[in-house]
Amino acid sequence: MKRVVLLIGGRSPAHASGFVQAYEQLGGRPDALLLLEPSARRPAWVSALLRPLKALRPGRWKGYAVDLVRGLTGTQRMAALKASWNVPKGESSWALLPPGIDLVAHAQGKGIPVHIRPALKASVIEELCRQGPTVFVLYAGGVIPDALLQVPGAEFVNAHMGAMPRYRGMNVIEWAVLEGTVPKVSVMLMTAAIDGGDVIFEREIPLDGERTLADLRRTGFLHCYLAMAEGVFRYARGLSVAVPQPKGARYYYRMHGVLRQRSQEALRQRTASPAAARVAP
Amino acid sequence: MSKFATIKEHRLYRPGHARKFIGDQLGLVGRTPRPEQALRNVFEWIAASFDAGGDGGSSAYYAMGRGWKASYPETTGYLIPTMLDHARFTGEAAWSQRAMRAADWLLGIQLPGGGWQGLQVDVTCGPRVFNTGMILDGLVAAHAFSGDDRYLEAALRGAGWAMEQMDANGFFVENNVSGGGSFDTLVLACLLLVARSAGPRFPAEHLDRIRRALESYLALQRPNGWFERCNFHTSYPDTALLHHVGYTLDGLLICAEVLGERRCHDAVLRAAAKLLSRFEVDLQLPAYSKPDWSPYKDLGGGASLCLTGYSQLAIVFQKIARAEGDLRYLNAALKLNDIVGSIAHFRSADRGLRYGVPGAYPINGNYQRFQMVNWAAKYHAESLLLSLGHGRSLRVPA
């Protein structure tokens, strides 16, 4: 059996908390928790005092001047135009999932070792892999550097809100709804290729009355951690194998507002009747 | 050139000019207009470009330094179908009247041999194949709209002249822009549009030669989708200008449509897939690309954008989205439209500046620097019309 280490970027991320609870319900128990946390944490009152001083740094002046011109001319930054295609702020996992538990306290209460490190380095991973092959359940975001992926015995796992290889990239649950396919979660071993790793688990995301894309994403996040828990539970115990992705990958990108609207309309049509929610994959 | 010389040459001391230049340097653009608003904006500028010439043609560009340029036969030609589409979309007869006046103007300046001159009418220039091809597009549209045979007759004469310029390999080296290149796929496409309109009046041997010529053009595409000889301008050797990539792709798509030639469509898909991923990852495309599609940095540390190319690509992407049912291309096209529409959303009392689409962003980029060009306006308008469900359709080749 492989060891399971939860790799988190904060003490109480909602989806990592959801994973731990679901994993424990299945009868699993993480072998360790690796928390990435800058060691020199400044007291909040110091940060509050420094904030106005930071705002006066010379490097910020150009930004203020641009904002002044922007205000006077009724324009926008090109960067703001491009940012308008990002997922709205209220649709992140932080905003949509209920607050998570304090995972450090939870782990300590259950006797699970907690390792707090300022940054993710190969030496840290090597240290944790000394006791045997280890699956790192990733809730720290970002791309894993190649040096870490090469550490013997280490495997990094993430969950993605799309069927592989058809739905690689961004906003894939919205794209799946727009294209009339069944949304799925894939749990994958991470490789250097983005969303290109072997799949260890896949499940459908059942839709049930979601009306908005925020509802859809909430359901997606929920099923991501449930699938992660089940996928890691089975994989660590040798009950499933990693399956390479077949050819035919498609990458999706940030969805334009016009298509977001269409996706939302498609969602409403699909969830209006239970029969419509089931469509061909 | 010193900063003072630049200010003097491009009249950057004028408030509107200065606002445009400084805004671009600061990365500021207009608020994103809705497509309907962007369409009104761009046609307001197009109207100004026709009014500036006063001869029935559209002024080639508004240069910040020298004002309106003389009328440009080539781009007036391909503005005709766009204005007719706009007239159908809005129900405003003034646009079809303007289009037909432009067609009459083109009939009046056709050269005795059948071709049309290159460049603008205030410049002495012999007949050019590429320019003639674009005018054929306009005359075919004018004929379809009015049923007046004079336009088709002129188009057939123009097509005959262009076919005389085609060499044994199918290229248009003589009497052409920069000795021809992959962008001449759009000339072939316009010849095919004439053939489609003229039916048996279009010589069958010409059709055979066009089919054979396509082989040569397809051979200019490298395995990674990039096209050789895809830049009118020789200032940056071995680069492709996005505007000319746009001509090439649109030409191939029309050839695919008219001839039912799937290979042309596949060639477009090869390039479009690269451009789609590059655009979506970087959220911008350089004006000039090297053979591996990497940017050529025409601004020293960075690369400018070619807005005409952006709109042409948005058109190509929308056509692919329809043909392939792949909404990722529509997604990118909508973003490209937003970028161009926001940059052009510039209010000014100066009709040349107001809502004009610049050749480059920032405006001091290499391509058509400090100029609002009518061909950028044409393609932006056509792309917006397509996004609103109007404009020329595309059949999927069998």
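User: In which loop of chain A does A:Pro165 lie?
Analyst: This is a predicted model, in which local features need pLDDT of at least 70, side-chain atom pairs count only at pLDDT 80 or more, and totals for chains, interfaces and linings use all residues. Residues are numbered from 1 along each chain as its sequence is written, chains are lettered from A and ligands numbered from 1 in the order in which they are written, and side-chain values use heavy atoms, with hydrogens and water left out. The peptide bond leading from A:Met164 into A:Pro165 is cis, with omega near 5°. Strands here (E, at least two residues), like helices (H or I, at least four residues), are DSSP runs numbered from the N terminus, and A:Pro165 lies in the loop between strand E6 (154-160) and strand E7 (168-169) of chain A.

User: Where in chain B does B:Pro362 lie?
Analyst: B:Pro362 is joined to B:Tyr361 by a cis peptide bond, for which omega is about -5°. As for its place in the chain, B:Pro362 lies in the loop between strand E7 (360-361) and E8 of chain B.

User: Which strands are the edge strands of the open sheet in chain B?
Analyst: Strands of a sheet pair through backbone hydrogen bonds, either parallel or antiparallel. In chain B three strands form an open sheet in the order E3-E2-E8, with antiparallel pairing, where two strands count as paired if DSSP finds at least two bridges between them. Strand E2 (residues 61-63) of chain B pairs with E3(B) over two bridges, and B:Ala63 stands opposite B:Gly67 in E3(B). The strands that pair on one side only are the edge strands, namely strand E3 (67-68) and strand E8 (371-373) of chain B.

User: What is the area buried between chain B and chain A?
Analyst: The size of an interface is often given as the accessible area lost when the parts come together. Here 26 residues of chain B are in contact (heavy atoms within 4.5 Å) with 24 residues of chain A. Carbon and sulfur atoms give 66% of the buried area. Taken as the accessible area (1.4 Å probe) that the two parts lose on being put together, summed over both, the buried area is about 2,400 Å².

User: Which side chains meet in the salt bridge between chain A and chain B?
Analyst: A salt bridge is a side-chain nitrogen of Lys or Arg within 4 Å of a carboxyl oxygen of Asp or Glu, and the count between chain B and chain A is one. The N to O distance in this pair is 3.2 Å, and the side chains that meet are those of A:Arg250 and B:Asp326.

User: Which residue of E1(B) is the bridge partner of A:Thr75?
Analyst: Strand E3 (residues 75-77) of chain A is joined to E1(B) by three bridges, and the two strands run antiparallel. Within this pairing, the bridge partner of A:Thr75 is B:Gly30.

User: How many residues apart in sequence are the parts that A:Arg260 and A:Glu174 tie together?
Analyst: Over all chains the count comes to 35 salt bridges, and one of them is formed by A:Arg260 with A:Glu174, whose closest N and O atoms are 4.0 Å apart. Because A:Arg260 lies in helix H11 (residues 257-272) of chain A and A:Glu174 in helix H9 (residues 172-178) of chain A, the pair ties together parts whose separation in sequence is 86 residues.
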